[in-house]
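Colleague: I should like to understand how this chain is held together. May we go through the model step by step?

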Amino acid sequence: MKLESMKCSNCDGSLEMEYSDNKTFAICPYCDQRFLIEDEPEVDYPKVTYTQLIINKPKQTEEQIKRDQINVSKEISHFLITEAVGSCAAVVFSAIIIIVALFVGIPKFIGLFTNTPKQQTTERIEPGSVHDFEGENYKVVVSQLEDLGFENIELIDLDNASKYIDNSDLVDSVSIGGDSNFNALDYFAPDDPVIVAYH
C-alpha cells in the first residue's frame with residue numbers, strides 16, 4: 001500500500017507517519033492531532049480507514065465553551081421560533097379551509113338530500129344605450145341583439161308605413177320591454193320583446 005500525502009482535518013497541515021506497536025499513526029506536526037490508520041479486511045481488497053484519536057486534542061477554554069453554548073442556544077431558539085411560526089401558519093390555513101368548507105360544503109351537502117326545487121336563475125342582459133343602435137344598419141343591430149341573448153325581436157319597416165321611401169336600412173328606434181330610452185345601466189330579460197324600427 002502506497003500513501004502519497006494526507007492532510008489534517010483539524011488544521012489542513014501535512015501529516016507525518018509514525019509506526020509503533022504494530023500500529024500506524026498519522027500525526028500532524030502543527031496541531032499534534034493523531035490519526036490511527038487501520039486496515040479494514042474485506043473479501044476482495046483491503047480498505048484503509050482513518051480514525052481520529054482523542055489523544056492530545058487541545059482543550060477548549062471556558063470562554064470557548066460558553067460561546068459554543070450560547071451559539072447552540074441561539075440555533076435552538078431560531079429553530080423553535082421557525083417551527084412555531086410554520087405551525088401557526090399551518091393551523092390558520094387549516095382553519096380557513098375548514099370554515100370555507102363549512103359555509104360552502106354543508107349547504108350544498110344538505111341540498112343533495114332535500115327535494116326543494118332549484119330556483120330559476122334570471123339572466124340579465126345589459127344592451128348598453130339606445131343611442132348605440134340608432135343610425136346603424138338594422139341587420140347589424142338585430143345581429144348584435146341576438147348575440148346578447150335576446151329571443152323576441154320584431155322588425156318594423158317604416159318605409160312601408162309612409163310615402164317617404166329611403167332604402168338606407170338605418171335604425172330609427174329600438175324599444176326593449178317597452179322602454180325606448182334605455183341606457184347603459186338598464187338590464188332586461190332575454191324574453192323581453194324587442195322592437196327595431198328602421199327606414
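Modeller: Let us begin with a definition: buried means under 20% relative accessible area, exposed over 50%, and partly exposed in between, with a 1.4 Å probe and protein chains only. This is a predicted model, in which local features need pLDDT of at least 70, side-chain atom pairs count only at pLDDT 80 or more, and totals for chains, interfaces and linings use all residues. Residues are numbered from 1 along each chain as its sequence is written, and side-chain values use heavy atoms, with hydrogens and water left out.

Colleague: Are Phe-133 and Phe-182 buried or exposed?

Modeller: The limit for burial is a relative accessible area under 20%. Both Phe-133 and Phe-182 are buried.

Colleague: How many aromatic pairs does the structure hold?

Modeller: Rings of Phe, Tyr and Trp (its six-membered ring) pair if their centres lie within 6.5 Å; planes under 30 degrees apart count as stacked, over 60 as edge-to-face and the rest as tilted. By this rule the number of aromatic pairs in the structure is three.

Colleague: Why does the pair of Phe-133 and Phe-182 count as stacked, edge-to-face or tilted?

Modeller: The ring centres of Phe-133 and Phe-182 are 6.4 Å apart. Their planes stand at 50°, so the pair is tilted.

Colleague: Which parts of the chain do Tyr-138 and Tyr-198 tie together?

Modeller: Tyr-138 and Tyr-198 form a stacked pair, with 3.8 Å from centre to centre and 10° between the planes. Helices (H or I, at least four residues) and strands (E, at least two) are DSSP runs, numbered from the N terminus. Tyr-138 is in one such helix and Tyr-198 in one such strand, so the pair ties together parts 60 residues apart in sequence: helix H2 and strand S7.

Colleague: Which element gives the largest share of the largest nonpolar core?

Modeller: A nonpolar core is a set of buried Ala, Val, Leu, Ile, Met, Phe, Trp, Tyr and Cys residues joined through side-chain atoms within 4.5 Å. The largest one has 16 residues, and Leu-145, Phe-150 and Ile-176 are among those with the most contacts inside it. Two or more residues come from each of H2, strand S6 (171-176) and strand S7 (193-198). The largest share, four residues, comes from H2.

Colleague: Is Glu-151 buried or exposed?

Modeller: Glu-151 is found in the loop between helix H2 (138-148) and strand S5 (152-157). Its relative accessible area is 61%, so Glu-151 is exposed.
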